[in-house]
Amino acid sequence: MQLFLADRSSVDAAQDLIANFGDDAGFEAAARADKSRDLGNHLHFCRWRQIERLIVLMSVGCAVGTVH
């Protein structure tokens, strides 16, 4: 899974969703991405999809990928 974070705000948004929605935070991020897509806002669509991926990575209890 590849993840691109443009800035800290994506991490903050992921933390806010986790705090407010708990285990459903990923579903909320996906819903926001879908809404942005439906509105034709591809930039916010991509941002919310990345936040959804970040939430998945944050929920895993171990290191993912290469550890140096």
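In which kind of crossing, left-handed or right-handed, does H1 pass H3? The tour below reaches that pair after its first stops.

**Confidence.** Before selecting anything, note that this is a predicted model. Colour it by pLDDT: the mean for the protein is 91, and 99% of its residues reach 70 or more. Confidence is lowest in H3, at a mean of 94, and highest in H2, at 98.

**Helix H1.** Select residues 8-21, which form helix H1. At 1.5 Å a residue, these 14 residues should span 20 Å, and a distance of 20 Å between the end C-alpha atoms agrees with this. Next, display the side chains of Ser-10, Val-11, Ala-13, Ala-14 and Leu-17, the buried residues of H1. They lie on the same side of the helix because they cover an arc of only 160° around its axis. Rotate to the other side of H1, where Arg-8, Ala-19 and Asn-20 are exposed. To see what covers the buried residues of H1, add helices H2 (25-38) and H3 (42-59), which are included in that cover. Just after H1, select Gly-22, which takes a positive phi of about 60°.

**H1 against H3.** Hide H2 and keep the other two helices. H1 passes H3 in a right-handed crossing. The two pack at an angle of about 65°, and their axes are 9 Å apart. On the H1 side, the residues that meet H3 include Ser-9, Gln-15 and Ile-18; among their counterparts in H3 are Trp-48, Ile-55 and Met-58.

Now centre the view on Ser-10, a residue of helix H1. Is Ser-10 buried or exposed? Its relative accessible area is 7%, so Ser-10 counts as buried, the cut-off being under 20%. Leaving aside neighbours within four places in sequence, Ser-10 is in contact with Leu-5, Arg-47, Ile-51 and Leu-54. Of these, Arg-47, Ile-51 and Leu-54 belong to the H3 residues that H1 meets.

**Helix H2.** Restore H2 and check its length: 14 residues at 1.5 Å each should span 20 Å, and its end C-alpha atoms are 20 Å apart, which agrees. Select Ala-25, Gly-26, Ala-29, Ala-30, Ala-33 and Ser-36, the buried residues of H2. Their arc around the axis is only 140°, which puts them on the same side of H2. H1 and H3 are included in what covers them. Turn to the face directed away from this buried side to find the exposed residues Phe-27, Lys-35 and Asp-38. Finish at Gly-40, which follows H2 and has a positive phi, near 85°.

Terms used. Residues are numbered from 1 along each chain as its sequence is written. This is a predicted model: local features need pLDDT of at least 70, side-chain atom pairs count only at pLDDT 80 or more; totals for chains, interfaces and linings use all residues. Side-chain values use heavy atoms; hydrogens and water are left out. Helices (H or I, at least four residues) and strands (E, at least two) are DSSP runs, numbered from the N terminus. The expected span of a helix is 1.5 Å times one less than its number of residues. Buried means under 20% relative accessible area, exposed over 50%, partly exposed in between (1.4 Å probe, protein chains only). The arc is that of the directions from the helix axis to the C-beta atoms. Contact means heavy atoms within 4.5 Å. pLDDT is the predictor's confidence in each residue, from 0 to 100. Axes are lines fitted to C-alpha atoms, for helices over the stretch in contact, and angles run from 0 to 180 degrees between N-to-C directions. A crossing is left-handed if the near helix is turned anticlockwise from the far one by less than a right angle, and right-handed if clockwise.
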